[in-house]
Every structure is written in C-alpha cells, then in structure tokens.
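Colleague: I should like to go through the assignments in this model and the reasons behind them. Please begin with the ligand site.

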Amino acid sequence: MSNDMSFNAVMGRKNEIMKKAVGIDYENYEFSGIGFDYERMMRETGYSLQEVQDVQRASGVGNTPLIELKNLTALARKFAPKGKGARIFVKDESCNPSGSFKDRRASISAHNAKVKGYKGVAAATSGNYGAAVASQAAMKNLKCIIVQECYDSRKVGQPEILEKDRKCECYGAEVIQLTVGPELFYAYLRILEETGYFNASLYTPFGVVGIETLGYEVAIQCREMLGKDPDAVIITHAGGGNVTGTARGLIKAGASDTEVIGASVDLS
Ligand SMILES: Cc1ncc(COP(=O)(O)O)c(C=O)c1O
C-alpha cells in the first residue's frame with residue numbers, strides 16, 4: 001500500500017481502493033467509450049431474487065404490509081372525472097428493522113461483506129441509510145463506520161442529519177461527521193483503504209438488488225388484494241437506486257405493464 005495520503009495521491013488511487021472495497025471492477029462493464037453493461041453487472045453480482053429474499057427474511061427485512069389509504073382513495077374519487085379515480089396504497093417500509101426501506105439495500109451489502117470475509121462495512125450517508133447499515137452490521141457481527149456529510153462550509157451542522165448519529169451509535173457503529181465537499185470522498189477513501197472494510201454504498205449492485213424485493217412484493221400483494229397488477233407505482237427518487245431496484249422487481253414479478261413514476265424533491 002502506498003503511504004502517500006495527500007489528497008491528490010488518495011484520489012488517484014480511488015479506482016483501486018473501490019475495486020477492493022466492493023469486489024467489482026466497474027471497468028469490465030464499460031464498452032464503446034460511454035456504454036455500460038448494467039444488466040451483465042447485475043447478473044454477475046450473483047444474487048438471484050430468491051437468494052435476496054432468503055437473506056432478507058433471515059434478518060427480518062421485507063415482507064412489509066401494503067395498506068390502502070382509504071381516505072385518500074375516497075378523495076381521489078371525489079375529485080376525479082366520473083368513472084375515474086384510483087385506489088391508493090402505501091408500502092409501509094417503516095416495518096423494517098431499522099425503520100426504513102434502506103434495510104433492503106443494507107442487508108445484501110452486509111451479507112455479502114460477511115460471506116466474502118470483510119471485517120466490517122462502511123457507508124457515506126446523511127440519512128436513514130446509516131442506521132440501516134449499522135443495524136445489519138450489528139446482526140452479522142461486523143464492525144461499522146458511518147461517514148455523515150452534515151456540516152456546511154461555515155461548519156454549521158444540519159440538525160436532522162446530526163441527530164441521526166445517535167441511532168447509528170446505538171447499533172454500535174462509529175460515526176464520523178464531516179463537511180460536504182470533495183474532502184468527504186477523500187476521507188471516505190482513506191477509511192476504506194485503512195480499514196479494508198466493505199463499501200456498503202447505496203448504489204452498488206448489492207444495494208440495488210436488495211430493493212428488487214420491494215417491487216416484487218408490491219406486484220404480488222396487489223395480485224392477492226386486487227386480483228391485478230398495480231397500474232402505477234410512485235417511488236421516491238434521488239440518485240436512482242430506489243426507482244431502478246423497484247422497477248426491476250416489478251419486472252421480475254412479470255408486472256411489465258405497470259407504470260413506474262419517480263417522484264423527486266423540486267430543488268429549483
Ligand atoms: C424516502 C427516500 N426515498 C428515496 C431516496 C433516494 O433513493 P435513491 O437515491 O436510490 O433514488 C431516499 C434516500 O435517501 C429516501 O430516504
């Protein structure tokens with residue numbers, strides 16, 4: 001390992017560090033300059049839907065209830081043109097062990113880290129994902145470091161991020177709180193290199209494959225409750241993993257006519 005820990009040297013080693021920390025060489029999937037064979041990467045990641053379900057069941061993740069929001073359904077009918085309106089359901093992901101859908105993503109990363117012999121997991125996150133990784137790591141006796149981006153350039157912390165450290169620490173994780181900027185990635189790379197921990201990022205194939213069960217369950221539950229596939233599924237969206245994984249799960253369930261809608265916060 002090189003001893004040069006300067007910003008430029010560590011950033012220069014980022015591909016090599018990430019390759020070790022995830023066990024995937026993303027360059028293998030690039031083609032024709034800007035092409036990326038996402039499907040082959042997901043296939044070669046090596047987790048079938050069945051295996052993901054088994055891993056999640058073993059740690060109490062998934063199989064969350066689908067609940068009809070009857071008042072909203074009634075409201076939609078009241079204001080929709082005659083003969084239209086929708087029955088509106090919510091997938092109650094707060095029933096996952098650490099209280100959010102992020103457990104689905106964290107469960108496969110933590111499982112993969114354990115079976116591949118990593119001693120711990122690390123994640124850079126400002127939200128509930130930290131608690132999910134910490135919770136899954138605790139169940140598997142893995143060490144865990146959560147890096148939070150919570151201070152602005154004036155060192156003012158965002159209270160809703162700052163307070164999330166308590167939940168991560170309750171699960172036994174070490175929390176490192178940093179400013180938002182390139183220094184965060186630098187610090188994170190150093191942690192991965194120095195610890196040799198698995199990079200439980202939200203967006204690796206392990207994170208995305210963990211979400212597939214969400215879409216799959218929605219399709220199966222709609223068939224059981226309504227006798228049909230959902231017409232549309234609205235998914236909260238930021239970086240794309242949630243929408244991608246849910247849509248892939250719907251397709252795996254055969255619900256290929258379901259419209260998938262990503263809903264983002266408008267920051268304009
Ligand atoms: C409720 C909720 N929805 C969606 C997202 C974003 O997921 P993704 O970045 O995979 O689009 C987050 C991530 O923090 C979230 O907390």
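Modeller: This is a predicted model. In it, a polar side-chain atom of T236 lies 2.6 Å from a nitrogen atom of the ligand. Taken alone, the ligand exposes 400 Å², of which the protein buries 73%.

Colleague: What makes the approach of T236 to the ligand a polar contact?

Modeller: A polar contact requires a pair of N or O atoms within 3.5 Å. The T236 atom is a polar side-chain atom at 2.6 Å from a ligand nitrogen, so the pair meets that limit. Oxygen atoms of the ligand are approached in a similar manner: a polar side-chain atom of R105 lies 2.9 Å from one, and a polar side-chain atom of Y203 lies 2.2 Å from one.

Colleague: Which residues surround the ligand, and how do they divide by character?

Modeller: The surrounding residues include F101, K102, R105, Y203, T236, H237 and N242. The shell divides into 3 nonpolar, 6 polar and 2 charged residues.

Colleague: Where does the ligand sit, and which elements give two or more residues to its shell?

Modeller: The ligand occupies the largest pocket. The elements concerned are α6 (102–115) and α12 (241–252).

Colleague: Turning to helix α1 (residues 7–12), in which G12 lies, why is G12 called exposed?

Modeller: Exposed means over 50% relative accessible area. G12 has 64% relative accessibility, and therefore counts as exposed.

Colleague: How many Å separate the C-alpha atoms of G12 and Y216?

Modeller: These C-alpha atoms are separated by 40 Å, and G12 and Y216 are 204 residues apart along the chain.

Key. Residues are numbered from 1 along each chain as its sequence is written. This is a predicted model: local features need pLDDT of at least 70, side-chain atom pairs count only at pLDDT 80 or more; totals for chains, interfaces and linings use all residues. Side-chain values use heavy atoms; hydrogens and water are left out. A residue is near a molecule or strand if one of its heavy atoms lies within 4 Å of it. A polar contact is a pair of N or O atoms within 3.5 Å; within protein, one must be able to donate a hydrogen and the other to accept it, and residues adjacent in sequence count only if both atoms are side-chain atoms. Accessible areas come from the Shrake-Rupley method with a 1.4 Å probe; for residues, only the protein chains shown count as cover. On a 1 Å grid over the protein atoms alone, a cavity is a set of points where a 1.4 Å probe fits but cannot get out, and a pocket is an open set with protein on both sides within 12 Å along at least five of seven lines; lining residues have an atom within 4 Å of a point. A molecule sits in a cavity or pocket if more than half of its atoms lie within 2 Å of its grid points. Helices (H or I, at least four residues) and strands (E, at least two) are DSSP runs, numbered from the N terminus. Ala, Val, Leu, Ile, Met, Phe, Trp, Tyr, Cys and Pro count as nonpolar, Asp, Glu, Lys and Arg as charged, and the others, Gly among them, as polar. Buried means under 20% relative accessible area, exposed over 50%, partly exposed in between (1.4 Å probe, protein chains only).
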